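Me: I have a structure here that I'd like to go through with you. Can we take the labels people use and check what stands behind each of them?

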Amino acid sequence: MSISETVKVKLNYGSTGEFRCEIPTERVIWYHQAPAALEDVLLKTQQALNNPLELPPLNLAIVPGDKITVIVDYQTPAVSEIINSLWSYFSSCGIEAGDVTILQSPTAQSDLQQKLKDAVAPELQEKAQWVAHDPEAKETHGYLGTSAGGERVYLSKHLLEADFILPIEQVSFDPLIGYAGGGSSIYPGFSSQEAIVKSRGQSHRELTPAESRPLRQLIDEVAWMLGLQYSLQVIPASGQGVADIVFGSNEAAFRKGKELLDQYWKLEPSYKAEVVVIAVESGPAGHQWNQLGSVLETARNLVTQDGRVVLLTQIDAEFGEGLRILSHCHEPLDAIKPLRDRQPDDLVAATQIALTSDWALISLLSKASSNDVEDLFVIPIEDEAEVQRMLKTDENVTFIASAQHAYGQLKQE
């Protein structure tokens, strides 16, 4: 067989894994590869800051003495480089480091917080306020207003009392809100614990990312109520790289970010595959079971019923409450109701594992114990050689690299 009659596949997974195979062309339904990462994130950020979409230059929006709150979404790659570029711009506008607050999400681990602080400019390390939001500390919240639907909205006082707010967010597909970004890091993440729990759901499988969803509408309303003007949206590349950066009005930057995300990360094959091989890489916030939520939604969309989903990961994390609920069930779908009732933090991932394992066989390469994996109605894979053996059939295959960023659905004719 000549080289032209085969597809050479390379899939990075975890932080160090690399899977390679060569498959006859006629068996490959789709091979989705990640976009190239930017070589110079600092330069790209500077260019974006100097050319905001649909708003005046940033130096006309801030003045010395302004209290500035920068929101950090830890799912976003290259955050330290972006903050350093942003600080260079702020300081050129006469902003003092003591007037800057770096507001970090409550889910950020202490080592991530310290790693970010160690990587930014010394002035920010020493003089900026570094705040990890505590959703259970009511004294740190203030009342923003009441939504059109009657929802009383509370937010961190570091947002309510700021003169200027800038979210640094990754634009991504999200099973619950369609697209993350455009202010989704603000609410409910920097609200109360009650709001965070209330916002959890088991996703909207019947909807495409672009279709309207209630929580997404509320997020947009909260951004408007807060008076959010500018935002910086990051489109991911493979691993922890950055494909593009967009800056400007929240609406315009998010709209452009969604267009780029679709361009780079949306796949629409015409047919379902009998086998879908999915590689999941470690992200800026680590390598967790929660990463499998959107991954398995895509897998279920693209694999035939009773087909096989092969997940390539290096996950070695403890189960959250949702996975523990699933692991104690007799059948996958038995977990749906208790998951909905309990609303655990890993609700989406546990739900998607249950739904997908009821539809197709899931095989998982990870660093978790085989017994734990089997408890999730998933077949453990010992090594890459076993994956190679699985592919020595005549079944057709779809390959998805860096699937933690991707979304797939059949092409609409």
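Me: What makes Val-303, Thr-304, Asp-306, Gly-307 and Val-309 contacts of Ala-360?
Reply: A contact needs heavy atoms within 4.5 Å. Ala-360 touches Val-303, Thr-304, Asp-306, Gly-307 and Val-309, and that leaves out residues up to four places away in sequence. Keep in mind that this is a predicted model.

Me: Where is Ala-360, and why is it called buried?
Reply: Ala-360 is in the loop between α12 and β17. Buried means under 20% relative accessible area. Ala-360 has 4% relative accessibility, so it counts as buried.

Me: How do you know how far Ala-360 is from Ala-299?
Reply: Go from C-alpha to C-alpha: Ala-360 and Ala-299 are 9.3 Å apart in space, with their positions 61 residues apart in sequence.

Me: Ala-299 sits in α9, right? What makes people say that α9 is largely enclosed?
Reply: Yes, Ala-299 is one of the buried residues of α9. Count them up: 11 of the 11 residues of α9 are buried, so the helix is largely enclosed by the rest of the structure. The list even has Glu-297 and Arg-300 in it, next to the likes of Leu-292, Val-295 and Leu-296.

Me: Why is there talk of a nonpolar core?
Reply: The name is for buried residues of certain kinds, such as Val, Leu and Ile, joined through side-chain atoms within 4.5 Å. The largest such core has 45 residues, and those touching the most other members are Ile-278, Trp-289, Leu-296, Val-309, Leu-311, Leu-376 and Ile-400. Elements that each supply at least two residues include α8 (250-265), β15 (273-279), α9 (292-302) and β16 (303-312). As a general point, nonpolar side chains tend to be buried together in soluble globular proteins.

Me: Which residues does Ile-278 touch?
Reply: Leaving out residues up to four places away in sequence, Ile-278 touches Val-295, Ala-299, Val-309, Val-310, Leu-311, Leu-312, Ile-400 and Ala-403. Apart from this core lies another one, of 39 residues, with Val-41, Val-120, Ile-168 and Ile-245 among them.

Me: OK, zooming out. What makes the chain as compact as a globular protein of its length?
Reply: There are 14 helices and 20 strands in the chain. Its radius of gyration is 22 Å, close to the 22 Å that the globule rule gives for 413 residues, so the chain is as compact as a globular protein of that length. The C-alpha trace spans about 65 × 50 × 40 Å along its principal axes. Buried residues make up 56% of the 413.

Me: How many of the contacts join residues that are well separated in sequence?
Reply: Take the contacts between residues at least 6 apart in sequence: 74% of them join residues at least 24 apart.

Me: Now a couple of odd spots. What makes Phe-377 and Ser-402 stand out?
Reply: Phe-377 has a positive phi of about 65° although it is not a glycine. Ser-402 also has a positive phi, near 50°, and isn't a glycine either. Phe-377 is in the loop between α13 (370-375) and β18 (379-381), while Ser-402 is in the loop between β19 (397-400) and β20 (407-408).

Me: Which of the labels, buried or partly exposed, goes with each of them?
Reply: Partly exposed runs from 20% to 50%. Phe-377 is at 25% relative accessibility, so it counts as partly exposed. Ser-402 is at 3%, so it counts as buried.

Me: Why is Ala-317 called partly exposed?
Reply: Ala-317 is at 22% relative accessibility, so it falls in the partly exposed range. This residue is in the loop between β16 and α10. Beyond its neighbours within four places in sequence, Ala-317 is in contact with His-287, Gln-288 and Trp-289.

Me: And what about Ser-91, buried or partly exposed?
Reply: Ser-91 has a relative accessible area of 34%, so it is partly exposed. Ser-91 lies in helix α2 (residues 79-92).

Me: One last label: where is the cis peptide bond?
Reply: The cis bond joins Tyr-187 and Pro-188, with omega about 5°. Pro-188 is in the loop between β11 (178-180) and α6 (193-199).

Technical notes. Residues numbered from 1 in each chain as written. Predicted model: local features only at pLDDT ≥ 70, side-chain atom pairs only at ≥ 80, totals over all residues. Heavy atoms only, no water. Helix = DSSP H or I, 4+ residues; strand = E, 2+ residues; numbered from the N terminus. Rg over C-alpha atoms; globule rule 2.2 N^0.38 Å. Buried < 20%, exposed > 50% of the residue type's maximum accessible area, 1.4 Å probe, protein only.
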